[in-house]
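Reader: Hello! I have a new structure open and would like to learn how to read it, one feature after another. Could you guide me?

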Amino acid sequence: MPATIAGSNRTQFVPAPPIRAMDHPPTGHVPPSSSLPPPPLQPPSRRRRWVGALVTVAVLAALVGGSYYLVKRPAETAGGLGMGPRGPGGAGGPGGPPGGAGAFGMVTVGHAAVARAQIPVTLDALGTVTPTATVTLKPQVGGVLTEVLFTEGQTVRKGQLLARIDPRPYEQALMQARGTRMRDEAQLQAARVTLARYRTLLGQDSIARQDVDTQAALVQQLEGTVTSDKAAEGAAAVNLEFTRITAPLSGRIGLRTVDPGNMVAAGSATGIAVITQMNPIDVQFAVPQDRIPEVQEQVRGARPLAVAAMDRTRSAVLDQGSFSTLDNVVDTTTGTVKAKARFANGDGKLFPNQFVNVRMTLRTLDALVVPVTAVRTGPQGPYVYVIGADRTVAMRRVKRGEATVDVVAVTEGLQAGELVVTEGGDRLSEGSRVRLQGEVPAAGPRGPGGGRRHGQGAAAPGTGASAPANPSAAAPAPLPARPGASGPQPPAATAPPPSGQPPSAQPESAGLPTAEQRSRMLESVKDDPEKLAQRKQFLEALDRGDPEALARWQNLQQRRRPGS
């Protein structure tokens with residue numbers, strides 16, 4: 001085949017490649033699939049893309065809806081207990097409760113009755129225990145401390161001898177002062193006798209008046225000397241008395257700072273020990289300036305204000321006392337006024353400089369009260385859950401009043417005798433059905449089709465089975481099987497026996513053991529005190545109608561039945 005080379009007018013012949021037999025297969029021959037090239041990928045159609053998107057959205061919606069149902073489903077069905085089969089008379093069918101809620105699926109709540117009581121109006125503050133008197137034992141004279149007659153921490157009485165300083169120097173000084181006084185008194189006596197003689201001679205005109213006057217001045221001089229001697233003698237006696245250190249007041253003595261044998265000086269700064277008066281004792285605390293008029297109004301009354309001193313946790317009352325007085329100025333840095341209360345402190349629980357919580361009762365109010373846990377706070381203010389006669393709750397707004405640690409006064413929204421929820425309110429909403437603590441779940445009435453409400457099973461449609469006439473004798477419906485659980489599940493607890501029929505007369509299907517069964521249960525473990533006590537507690541729980549004990553007993557009965 002000729003080929004033209006660019007840039008040249010000449011034509012050059014280039015030989016063609018040889019033709020092989022495999023390049024041109026014979027007619028009618030189909031090459032194997034492995035030798036064929038893969039077909040090109042076709043893009044998905046728009047219809048297929050829409051179908052996939054719809055399936056994905058449906059799966060996500062199902063997941064979101066299931067999660068919302070599990071979270072927001074009614075509290076009656078949350079536990080999955082006591083649910084009967086669906087259909088006529090069962091849960092969700094005619095005659096059954098809405099949503100298939102049974103008695104065991106109700107929310108068990110704590111409750112309290114609204115009552116009228118006297119609630120105290122108190123003022124709480126942080127106080128400091130302050131002793132009424134504190135004395136430091138300082139020696140009045142110097143010398144060697146020879147004796148210490150007290151024990152550290154001892155409670156001493158006023159006038160009790162506590163320590164003694166060496167008295168010998170002061171005894172000698174006293175003797176010297178006494179001798180000087182006696183000498184001067186003798187001289188005074190002689191001068192007085194001489195003055196009397198001079199006056200006699202002056203009356204006889206036998207002596208000069210100047211001599212009489214001089215003798216009279218000498219007598220007065222000696223009288224002054226004797227007076228000074230008496231004072232010196234008294235001072236020496238006082239110094240001798242100061243060598244005996246006594247308690248100036250009754251109280252608790254602290255730690256000793258000087259040991260016997262040491263030299264002590266008069267008026268030393270540290271002293272020997274410190275005595276603190278413990279009975280009575282004061283507590284100083286601060287009152288807000290806004291409460292001063294209210295406190296003064298109560299103080300003007302004849303009745304003293306009661307004050308309680310409590311420990312750090314406010315759980316124990318250390319002592320009871322009465323309000324004493326207010327300070328005369330307001331502290332500008334804190335906006336409070338110092339106040340003081342006095343306590344007898346007979347048990348010695350209040351210690352000087354101790355921090356205590358002070359609670360002063362100003363007055364008492366007559367109001368409707370509920371426990372503090374019953375009042376909740378919502379977007380529209382405080383509210384409570386009120387339990388109706390049909391065991392449904394209703395949310396009701398209230399108005400708070402004065403409160404204590406345990407109860408709070410309600411000024412509006414409640415009436416005396418109504419029941420309010422105190423525990424378990426976080427699982428409730430408007431119209432929720434509840435069960436009170438201590439109540440035993442009872443079998444509900446039958447609906448159309450033979451179904452039982454509140455957890456009782458229903459007969460299947462078309463079987464012709466009828467429910468027994470005595471609801472308490474009906475066989476209990478088993479609980480729904482738990483995921484992953486194997487074996488028989490414990491049945492739901494049945495209702496307690498009808499009133500007027502003793503427990504010993506009830507059949508086994510009624511949920512309580514007979515007298516013979518009780519005797520066998522206790523007789524089999526009479527040699528084991530621990531198991532005997534456990535059996536007795538179990539029987540007492542059955543008599544009280546404890547759901548857990550009833551379910552356990554029914555499970556045991558079901559296992560003993562033939563074919564179980």
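Author: Gladly! Let us begin with a residue at the surface. At 56% relative accessibility, R168 counts as exposed, because the cut-off for that label is over 50%. Please keep in mind that this is a predicted model.

Reader: Where is R168 placed?

Author: R168 belongs to helix α3. Sequence distance and spatial distance are two separate things to read here. R168 and L240 are 72 residues apart along the sequence, while their C-alpha atoms are 8.4 Å apart in space.

Reader: Let me try a helix next. Why does the span of helix α4 agree with its number of residues?

Author: A helix gains 1.5 Å a residue, so the 34 residues of α4 (209-242) should span 50 Å. The C-alpha atoms at the two ends are 50 Å apart, which agrees.

Reader: Which residues of α4 are buried?

Author: First, the general idea. An α-helix has 3.6 residues a turn, so residues three or four places apart point the same way. In α4 the buried residues are V212, Q215, V219, L222, V226, D229, E233 and A236. The buried residues of α4 pack against α3, which covers residues 168-203.

Reader: What about helix α5 and its buried residues?

Author: Helix α5 runs from 292 to 299, and I292, E294 and V295 are buried in it. They cover an arc of only 165 degrees around the axis, which puts them on the same side of α5. As for partners, the buried residues of α5 pack against β4 (115-131), β13, β15, β16 (336-343) and β17 (355-371).

Reader: Now strands, please. In what order do the four strands of the open sheet come?

Author: To read a sheet, walk across it from strand to strand. The order here is β9-β8-β6-β11, with antiparallel pairing. The edges are β9 (244-246) and β11 (263-264), each of which pairs on one side only.

Reader: How many bridges join β8 to β9?

Author: Three bridges link β8 (161-165) with β9, and the two strands run antiparallel. You can follow the match residue by residue: A163 is opposite I245 in β9, and L161 is opposite T246 in β9. On to the next pairing: β6 (143-148) is also joined to β8 by three bridges, again antiparallel. There V148 stands opposite A163. As for burial, β8 is mostly covered, with four of its five residues buried.

Reader: Is T276 buried or exposed?

Author: T276 sits in strand β12, residues 273-276. Its relative accessibility is 14%, so T276 counts as buried, the cut-off being under 20%. Leaving aside residues up to four places away in sequence, T276 touches P131, A133, T134, G251, R252 and P352.

Reader: What should I look for in the backbone of the loops?

Author: Look for exceptions to a general pattern. Most residues other than glycine have a negative phi, and most peptide bonds are trans. Here, the peptide bond from N279 to P280 is cis, with omega near -5 degrees. P280 lies in the loop between β12 and β13 (281-288).

Reader: And what is the phi of R314?

Author: R314 has a positive phi of about 60 degrees, although it is not a glycine. It is found in the loop between β14 (306-310) and β15 (317-326). With 36% relative accessibility, R314 counts as partly exposed. R391 is another case, with a positive phi near 65 degrees. R391 is in the loop between β19 (381-387) and β20 (393-397), and its 24% relative accessibility makes it partly exposed.

Reader: Last topic: rings. How many aromatic pairs does a search of the whole structure find?

Author: A pair of aromatic rings is described by the distance of the centres and the angle of the planes. Searching the whole structure gives one aromatic pair. Y383 and Y385 form it, edge-to-face, with 5.7 Å centre to centre and 85 degrees between the planes. Both of these residues, Y383 and Y385, are buried.

Reader: Which residue lies over the face of F538?

Author: That is R552, at 4.8 Å from the ring centre of F538.

Conventions:
Residues numbered from 1 in each chain as written. Predicted model: local features only at pLDDT ≥ 70, side-chain atom pairs only at ≥ 80, totals over all residues. Heavy atoms only, no water. Phe/Tyr/Trp six-rings, centres within 6.5 Å; stacked < 30°, edge-to-face > 60°. Buried < 20%, exposed > 50% of the residue type's maximum accessible area, 1.4 Å probe, protein only. Lys NZ or Arg CZ within 6 Å of the ring centre and 35° of its normal. Expected span 1.5 Å × (residues − 1). Contact = heavy atoms within 4.5 Å. Pairing = 2+ DSSP bridges. Arc of directions from axis to C-beta.
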